[in-house]
Amino acid sequence: MNRYSFFILCMLLGLLSTSAAVPGELRGIVTDADTDEPVVGCIVKSKGAFTSTDKEGRFTISPKEGADSVSFRFMGYESRSLPITADFSSVRLKPKATQLKDVIVEAPDIYANGDTLVFNVAKYANAKDNAIIDVIKRLPGIKVEEDGTIKYQGKPINKFYLDGNDFIGGQYGLATNNISHKDVASVEVMENHQPVKALEGIEFPEEAGINLKLKEDARSRWVGVAQAAAGIQPFLYDGSLYTMRIAPKNQNIITLKADNTGWNPANEIQEHDFSDMFSSDYSPTLWPEYISADIIDAPLSEKRTRDNLSWLANAITAWKAGDTSMRIILNYMGDRLDYNSGVTTDYFSDQIPAFIQNNSQRTQTHDVSAQFYSETNKRGYFLKEKLTLSGIWEKSSSAITGSFDLSQRVNRKNLSACNDLKLVKRNDKKLFTLISRNSFEHHPDHLIVAAIEDAAQSLATTDFRSTTETKFGKLTRFWKYYVSAGLDLDYHRMNCSLTGLGEFDNAGIHEAFLSNLYATPQVDYERNGWRASFTMPLKWLHYSVAGQHDYINASPRLYLKRQLSAKSDFSASVAYRLGSPKPYLNITVPVLSDYRNLFIAENPDKYSQDVAATISYRYRNPLKSLFFNLSATYNHSRSQIMSNQLFVGDFIVSTYADRLYHADTWYAKGGFSKGLGHSKMVVGCDIDASVSSASSMRDNSVIPYRQLTAGLKPYFKGSICRWLSANYEAAYGFSRLKIDSETNDCHTFHQNLFATIIPNDHVQFTVSAEHFLTRFPEGNTANLVLLDASAVWRLNAKVRLSLTANNLLNRRNYEYVNYGTLSRSEHRFQLRPRSLLASIQYRF
């Protein structure tokens, strides 16, 4: 279908509207009689039911049988009562002067407004905080991952707003790492946040949204921060400029930064946005990244391991008029990294010698992207269009010693374009949704290995994918009925060439056409604190690759949630999946992943099955600043094929064999956090544990194994007194791998202590220590202690001087252990050397 005709059709569908009232359910809007502004938080009450108005003054209430009136009450307005048969489309309240005694009312640390928790930033901030992210990290119930992902009650947030505006999308690291906490009045956590107004009261996400409410003097003007720094290692530099303007109709952000102190630009422009597109189990990618020779997994904080030269340029411009908003985002990121690492791998076999690798590697990345986003978000109508263009150029070179002496180079390019469209139309009885995604990607990748015998792998893939889905819903008072259906088409072309490996050499073009026709009936029920949902996704898949293949997939799921009280809820789900093999398994040519590893797919044409059950409990008490969450999951997997690792000469060939595979996994995680001392401190602990039993194959022999992991992470953050602030975090980890009768245990312990002395409002001194302890299976241990120190002098509210020394003891290596499926690897990673950095920061 022509793209323009398709878009016009969507707009015509959006103009259709009907109206009907759900029996027993009343809806309306409460406004100020003088200004016509919505009255937010107005208490609406009737017999056996009460609610409050939302930020648009809207309310929905379901009075019990026999109710004859509805009352409206809010401080500063005259109370009003209307008969049950009245017109509630515009309930106007008259302002009324409220006589109060002369008292001083102090803002609370945290309070609840319906499903929204409001944290008073001034209560949680202290003198050592620089950006708002420093405060967010100490809020009870919230956890910030190292890459900047914000989680609430163990789940990533689904939206991030600045003063109610969603103009930065998922790139909220730009805001949280740069906005001063002094410009933010409060952090608002909107639980079970539904960002699409047309789906409010219909779909109830488990994730929360976060809004930063700015102070009045930070609005409608340019604010920001500029920083310049220089140091020795032998030479360090850090220069940055961040500026933003938040106005009712226009919003702008500009960011420029260059650095070689360990900062990662990807964390600031990373898209954390929660996907709200397809309702089925849509997979963003159907084809794997075959070449992995340039992938590095650093074990510690990036400031310890990144020997970098990094650049970032970002510009965001947004417009808003009523319920419609638009934005343009332009990004450039450059990154050059040097790594030195080593690994010794034991395969628990007398026939396979230990493998030793020392790797000196340099990687370079250039990432350019542009995005246009348009959204109309009304209660009865939602339309979103998003166009993203991206180009990524990567190259790396490695010098390898140890079991082999060689060099390898990787060159990658990734050119892509993606267009998303989502339309939601709703009235009181019906729901219609139309979703479309069209994407194009081109990946020419090259791997060159220079050794005694050279080898080269070229892999150029072109992929075009088009997915369209529609959803119809019928809404009643307690029941909601939906059916969604869609068509997912994918064309994939792979030009593969491998030379220099004798019997494994190959060259050819492999084309695939995949079609996925699916439908999902769904039934939801909600009443008296109970929420239930049953879905039954059905798929017919056709693979035209290495022949013709047809499959039928099914994945029913039952979800239950019980709101035990205003403070706690319990949920449970059980799911079954009958799945077809992945399409890439039909392309069976050998592909070189790195200088030692080959992948050869097998065409099994057999189904796999999964059964999963999850239970979770959440509790929050804002008045006591207490948050708790706990979940447990059981998963059983069964397949007719089993992974098989073949040691062929100097190579490891990863493939599959026609053997019955089954695995059982138990996983539990949880956490609690508690605010103390009127929000000056927060204590908490996160836990996780897993047990899995499965089998794998090595050299065509089945080997059963069992893995056990457990982790405990207590922490303490905050101000002990006016002049002393301390953060303490610890992490204990235990892992066990049992193969036949042989058992290997590993213990790790990491603790991190920051102590800041604040003699006055202008000066502060910070000393930090990190301790890493690894106990290897043989009983020997590796200890590492890292010390840092810094001094800060605030000349005034705008200028900040600092002097920072990292790795004072000049420790250069870190050792740790991890377990593969049938192996144990002892790693060594080189750290950044001792450094000294002086900086000046100016906020405006």
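Me: Which loop is Asn528 found in?
Reply: First, a heads-up: this is a predicted model, where local features need pLDDT of at least 70, side-chain atom pairs count only at pLDDT 80 or more, and totals for chains, interfaces and linings use all residues. Residues are numbered from 1 along each chain as its sequence is written, and side-chain values use heavy atoms, leaving out hydrogens and water. Strands (E, at least two residues) and helices (H or I, at least four) are DSSP runs, numbered from the N terminus. Asn528 is in the loop between S27 (506-527) and S28 (530-535).

Me: What is the phi of Asn528?
Reply: Most residues other than glycine have a negative phi. Asn528 isn't a glycine, yet its phi is positive, at about 50°.

Me: Is Asn528 buried or exposed?
Reply: Buried means under 20% relative accessible area, exposed means over 50%, and partly exposed is in between (1.4 Å probe, protein chains only). Asn528 has a relative accessible area of 63%, so this residue counts as exposed.

Me: And Asn700, how accessible is that one?
Reply: Asn700 is in the loop between S40 (681-698) and S41 (701-721). Asn700 isn't a glycine either, but has a positive phi of about 70°. Asn700 counts as partly exposed, because its relative accessibility is 48%.

Me: Which peptide bond is cis, the one from Gln233 to what?
Reply: Most peptide bonds are trans. Here, though, omega is near 0° for a bond leaving Gln233. The partner lies in the loop between S16 (222-232) and S17 (236-246). That residue is Pro234.

Me: How many helices and strands are there in the chain?
Reply: Going by those DSSP runs, helices come to six. The strand count is 49.

Me: Why is the chain called as compact as a globular protein of that length?
Reply: The radius of gyration is taken over C-alpha atoms, and the globule rule is 2.2 Å times the number of residues to the power 0.38. For 844 residues that rule gives 28 Å, so the chain is as compact as a globular protein of that length, with a close value of 29 Å.

Me: What share of the contacts in the chain joins residues 24 or more positions apart?
Reply: Contact means heavy atoms within 4.5 Å. Take the contacts with a separation of 6 or more: the share from residues 24 or more positions apart is 63%.

Me: Which residue in S48 stands opposite Tyr814?
Reply: Two strands pair if DSSP finds at least two bridges between them. S47 (residues 813-819) and S48 run antiparallel, with seven bridges joining them, and they form a hairpin with four residues in between. Opposite Tyr814 stands Phe829.

Me: How many bridges does S48 have with S20?
Reply: S20 (residues 324-346) and S48 (residues 824-830) pair in the antiparallel sense. Within S48, Glu826 stands opposite Thr344. The number of bridges between S20 and S48 is six.

Me: Which strands stand at the edges of the open sheet S10-S11-S12?
Reply: The three strands of this open sheet are paired antiparallel. S11 (residues 150-152) pairs with S12 over two bridges, and Lys151 has Pro156 in S12 as its bridge partner. Each edge strand has a single partner, so one side of each is left without a neighbour in the sheet: they are S10 (142-144) and S12 (155-156).
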